[in-house]
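Colleague: Thanks for making time today. Could you walk me through this model, one point at a time?

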Amino acid sequence: MSSSAISQVFETTRSEGRMAFMPFVTAGDPDIQMTGELIQELSRQKVDLIEVGFPYSDPIADGPVIQASYTRALQKGIRVGDIFDMVSAQTKNGSAPLVAMVAYSLVFRVGVERFLADAKSAGFAGLIVPDLPGDEASEFAERTRQHGLDLVQLIAPTTPVHRAEKIIEAASGFLYCISIAGTTGARDQLPPELTEHLDRLREKTDLPLAVGFGVSGPEQVDILRGHADGVIVGSRIVRYLEKLSDKFTSRDDVIREVGEFAAGMVKAVRQVASQA
């Protein structure tokens, strides 16, 4: 295992016999200042990694909740440079390691070398690129490694075995294991076949397995314990931001609620250590 910032996180969680918790926030929703404040609050709650979504007008894997947050951010005129400036300030302030969730078409528009250099300079630890075909990502994966970044790859439950093996070859940091066939979004239950899917992936790689899409609360962590190395929650957190359209909800209230939710998730993923 390499010594990247992401690898170091999972070396720590494995040594402590627990899973990692990785929340997702949309950059610029409702504005870039509050995104920075959310990252600070999540870091105070001792989350292990934070995914930062780059708003894009045509996301392919995100459900309606996150798509709406992208729209809100784009309507405020968020730019890629604004996100890098905000991230740079947070990483210099000792935030949890940050991973960019970004469309390849956005990376291409900025310029691959420039985007990777700026991402590294800002302090990102890695990238997740949902619209980059996993089995065609070897060249981009090499370029991310040259910039000292991990390229996290997504694997769906419907991914054929031969494609999964190619995806794993190009992956680093961790594998983003999609729990369901579909888009992102909080769901009450995880598919019963998910654990078998994770166990099959475990036989093929030592990379940490993190589960996203459909994870919505601490009650789902127990199902994944012993099968996954981490859990990712996006839509449930983004929904707290929707409340800002209600004039009776303040920014401080939303940050507090996100912090309380994160604290519950952190407690849930750490329970295995106390039970051992």
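Colleague: What radius of gyration does the protein chain have, and how does that agree with a compact globule?

Modeller: Happy to help! This is a predicted model, in which local features need pLDDT of at least 70 and side-chain atom pairs count only at pLDDT 80 or more, while totals for chains, interfaces and linings use all residues. Residues are numbered from 1 along each chain as its sequence is written, and side-chain values use heavy atoms, leaving out hydrogens and water. The radius of gyration is taken over C-alpha atoms, and the globule rule is 2.2 Å times the number of residues to the power 0.38. For 276 residues a compact globule would come out near 19 Å, and the protein chain agrees with that at 17 Å.

Colleague: Which helix gives the most residues to the largest nonpolar core?

Modeller: A nonpolar core is a set of buried Ala, Val, Leu, Ile, Met, Phe, Trp, Tyr and Cys residues joined through side-chain atoms within 4.5 Å. Buried means under 20% relative accessible area, exposed over 50% and partly exposed in between, with a 1.4 Å probe and protein chains only. The largest core has 72 residues, and those touching the most other members include Phe 21, Phe 54 and Phe 140. Helices are DSSP runs of H or I with at least four residues, strands are E runs of at least two, both numbered from the N terminus, and the most, nine residues, comes from helix H12 (residues 251-275).

Colleague: Which residues of H9 are buried, and on which side do they lie?

Modeller: The arc is that of the directions from the helix axis to the C-beta atoms. The buried residues cover an arc of only 155° around the axis, so they sit on the same side of H9. In H9 (residues 194-202), they are Leu 194, Thr 195, His 197, Leu 198 and Leu 201.

Colleague: What do the buried residues of H9 pack against?

Modeller: Contact means heavy atoms within 4.5 Å. By that criterion, the partners of the buried H9 residues are strand S5 (150-155), strand S6 (175-178), strand S7 (209-212) and helix H10 (221-224).

Colleague: Is Lys 46 buried or exposed?

Modeller: Lys 46 lies in the loop between H2 and strand S2 (50-53). Its phi is positive, about 65°, although Lys 46 is not a glycine. With 56% relative accessibility, Lys 46 counts as exposed.

Colleague: Where is the proline of the cis peptide bond found?

Modeller: The cis bond joins Asp 29 and Pro 30, with omega about 5°. Pro 30 is in the loop between strand S1 (20-26) and helix H2 (32-44).
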